[in-house]
Amino acid sequence: MLCLTSATMALLPAPASAATTVAEGRHTVRISRTEYGVPHILAQDFDGLGYGYGYAFAQDNVCELADQVVTLRGERSRFFGPDGDSGTGANLASDTYYGGQVRAGTVRRLLDKKAPLGPTTELRRMVEGYAAGYNRYLRDTGVDRLPDPRCKGKSWVRPITALDLWNVVYDVNRVTGTVPLAPDIGDAQPPTTSASSAPPAATATTTASRNGLVGLGLASADVGSNGWALGRDATRTGNAMVLANPHLPWAAGNFRFYQVQLTIPGTLDVSGAGLYGTPLVEIGHNRSLAWTHTASDAQHASFYALKLVPGDPTSYVVDGKAVPMERRTVPVTVRGADGGLSTVQRTLYTSRFGPVLSSGWTTTTAYAIRDANADNLRSMNTWLAMGKARTLGQLRAAQDTSQGVPWTYTLAADTSGGTYFTDSSAVPHLTDEQLRRCTVAADEGPTALDGSTSACAWGSDPDALVPGIYGPSRQPKLSRTDYVANSNNGPQYVNPEETVTGLPGVYDIDPHLDQRARLGLDMIAQRRDGTDGLGAPGFTESTLRASMLGNRVLSAETGRDDVVALCRAHPSLPATDGKEVDVSQACAALARWDTRADATSRGAALWITFYNRLVDQGPPTWSRVPYDPAQPLTTPRGINGDDARVQHALADAVQDFAARDLPVDVALGAVQKWDGIPLPGCDVGCFDVVEAGPDSGTGTPTAGAFGSSFLMTVELTPDGPRAHTLLTYGQSANPASPHFSDQTRLFARKQWVTERFTQAQIAGDPALEVTTLRR
């Protein structure tokens with residue numbers, strides 16, 4: 001059945017072909033929604049394409065983008081008060097940071113640059129169209145009649161500008177650098193006494209690297225992924241395939257994916273998903289090329305330790321000379337408890353290395369952060385060019401030309417049957433010698449570089465578009481006809497048959513693979529051998545989907561039997577609190593468990609609780625077989641049952657289940673849900689990563705979850721792409737929308753959505769709904 005929807009636009013019958021719609025006028029846009037609400041935007045130019053995309057996104061997620069804009073304008077305190085949900089002063093700190101960015105004109109300055117440093121003309125038009133389409137939806141619907149009760153009638157839901165969207169892009173680009181520290185930057189003030197404040201390492205947003213450069217993003221930004229590109233030598237058909245499996249937060253916010261197809265006949269036809277508020281497909285495919293991204297293990301920012309001038313905590317020393325910090329006054333409008341508005345004057349402090357942090361600022365030392373993406377508004381140039389590319393060579397040229405990928409690896413394949421891996425992200429140009437010489441030793445605080453000498457500043461490459469980062473000629477790259485694969489491990493074992501070595505240390509080539517990365521490589525090896533129980537050797541698109549949602553748990557495959565041997569020998573074990581705990585029933589449950597993390601699995605929930613408690617106790621020195629650099633794909637493995645930490649962890653897990661009145665063999669889906677829907681997956685050696693509680697997806701605000709988000713398998717056949725997708729949390733963050741959790745039900749049942757790519761496939765969808773917009 002064909003359903004026509006319209007607000008104030010003209011209602012037209014569905015056109016017989018795409019060309020009929022486009023020919024009706026320069027600014028006619030067609031939005032065709034197929035099953036599960038996936039929009040396919042068809043326009044004749046970039047203005048119209050953006051217009052349709054902005055309108056469609058607003059239909060599903062108007063509240064999310066409106067809320068995002070409030071943050072990026074530095075206005076949370078104005079509408080929600082200074083504290084926010086995160087604690088005292090959280091909104092005030094955020095507004096200080098983002099308000100300072102607005103007053104500094106950072107994004108406007110980047111927009112003034114010409115491509116490739118600034119956005120292309122096509123992108124500028126598309127972003128302007130996106131803002132206009134979003135605003136059109138607001139006008140047509142009216143704020144007081146919005147379908148989402150969370151923002152219906154709210155004064156903070158207002159029209160947006162193209163600049164607001166560029167601010168979204170800029171924020172996404174720095175999410176593994178400055179952005180997680182925005183509250184710390186916004187609260188930074190010089191010390192007034194000799195008492196020192198807590199160092200940055202005491203905060204939840206900092207992690208220190210082994211090589212002296214601090215990585216700020218992956219843990220704090222909650223991003224991760226699996227990605228495979230399979231070449232002609234790994235598939236049964238000889239056609240290349242790509243698996244996309246990014247791991248991101250499920251709760252509302254700018255880090256959710258939205259699925260879309262964007263088409264300008266003869267110019268662009270790309271299908272996949274993009275992050276909320278960004279105007280393009282960032283993971284996806286066209287007719288002859290497919291790609292995905294995983295979070296890079298390289299560093300994208302660094303701390304600098306500033307040696308302060310004695311008696312002046314707002315000046316620091318570089319090469320023996322005093323340098324005053326730059327100060328910027330930021331007025332923040334604050335809503336009081338009585339609803340009245342007042343203005344608070346705040347101050348931001350910046351060094352030559354970047355903004356100064358509140359944490360760790362004493363009378364002698366302060367810390368600043370330098371972000372490799374501080375001048376990156378080029379990312380959309382890269383993704384648009386990738387969407388237009390037809391071959392791996394063109395994709396590589398797109399990345400090398402604009403150098404805009406901010407913090408991810410790329411894994412891609414094309415119809416030639418080849419595959420390609422690269423880390424083309426913005427990585428600080430620091431040599432290994434600099435890291436050895438410049439790392440500042442500290443009993444507390446982060447690993448930082450010495451800011452008192454210019455010899456510790458970032459260098460540059462001749463082929464880098466901007467100073468301070470490595471250029472394309474120094475980036476890791478690998479081309480294969482069998483496969484490239486990554487699960488957030490370093491580049492070395494993207495394909496163990498051709499290791500990537502000889503890279504600068506900032507690319508983090510630690511050979512240790514975590515369990516998820518090892519599991520992924522093992523899954524590929526078993527499928528190529530046909531030993532995984534899925535039939536004849538070699539991947540098909542069907543076996544690729546089955547592998548993705550097979551829910552193997554490597555930590556259990558290599559350690560469950562050891563734990564069962566332990567508890568059979570010792571049915572009573574000591575807990576951390578010293579109490580003896582009867583673990584016999586738990587032992588029986590683990591022995592019966594099939595070591596899978598399906599929603600119906602009994603024993604998986606207990607194992608997840610046990611193993612997380614074990615991991616929380618530090619490095620796996622409790623492994624039965626320790627790490628062996630000669631066997632990086634299979635070690636460490638096993639669990640030493642004689643280790644007291646292992647015994648405590650199992651007893652503690654049983655105590656925890658008893659305290660929650662849960663049977664030890666409770667089904668995984670009973671304690672791990674989204675909107676009441678049982679979920680598979682785990683975070684202890686699972687490929688299909690899921691972290692959720694029994695109340696995830698419910699409440700106001702919505703209780704969060706994390707893990708597999710946009711799943712895509714695509715086979716690049718000579719007749720066009722064959723793809724299946726799954727957006728685990730649905731197209732809309734509105735709990736009242738039918739697309740809030742409709743795909744979650746599919747995910748729970750291991751079912752996928754068959755993608756409709758051609759205009760004929762789209763027109764043949766029985767659930768088709770068409771909206772025609774005229775500007």
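**Strand β4 and helix α15**

In this predicted model, strand β4 is joined by four bridges to strand β22 (residues 483-486), and the two run antiparallel. Within this pairing, W228 has A485 of β22 as its bridge partner. Strand β4 is also joined to strand β5 (residues 241-249), in this case by seven bridges and again in an antiparallel arrangement. Here S225 is placed opposite P246 of β5.

The surroundings of β4 were examined next. The strand comprises residues 224-230, and seven of its seven residues are buried, so β4 is largely enclosed by the rest of the structure. Burial extends to both faces of the strand. On one side lie G224, N226, W228 and L230, and on the other S225, G227 and A229, all of them buried. W228, the partner of A485 in β22, and S225, which faces P246 in β5, thus belong to opposite sides of β4.

A second element considered is helix α15, which spans residues 554-569 and contains 16 residues. The distance from its first C-alpha to its last is 24 Å, close to the 22 Å expected at 1.5 Å a residue. The helix bends by about 45° at R560, a residue that is itself buried. The other buried residues of α15 are L554, S555, A556, G559, D562, V563, V564, L566 and C567. The elements covering the buried residues of α15 include the helices α13 (515-529), α16 (584-592), α17 (604-615) and α18 (644-659), together with strand β23 (572-574).

Terms used. Residues are numbered from 1 along each chain as its sequence is written. This is a predicted model: local features need pLDDT of at least 70, side-chain atom pairs count only at pLDDT 80 or more; totals for chains, interfaces and linings use all residues. Side-chain values use heavy atoms; hydrogens and water are left out. Buried means under 20% relative accessible area, exposed over 50%, partly exposed in between (1.4 Å probe, protein chains only). Two strands pair if DSSP finds at least two bridges between them. The expected span of a helix is 1.5 Å times one less than its number of residues. The bend at a residue is the angle between axes fitted to the seven residues ending there and the seven starting there. Contact means heavy atoms within 4.5 Å.
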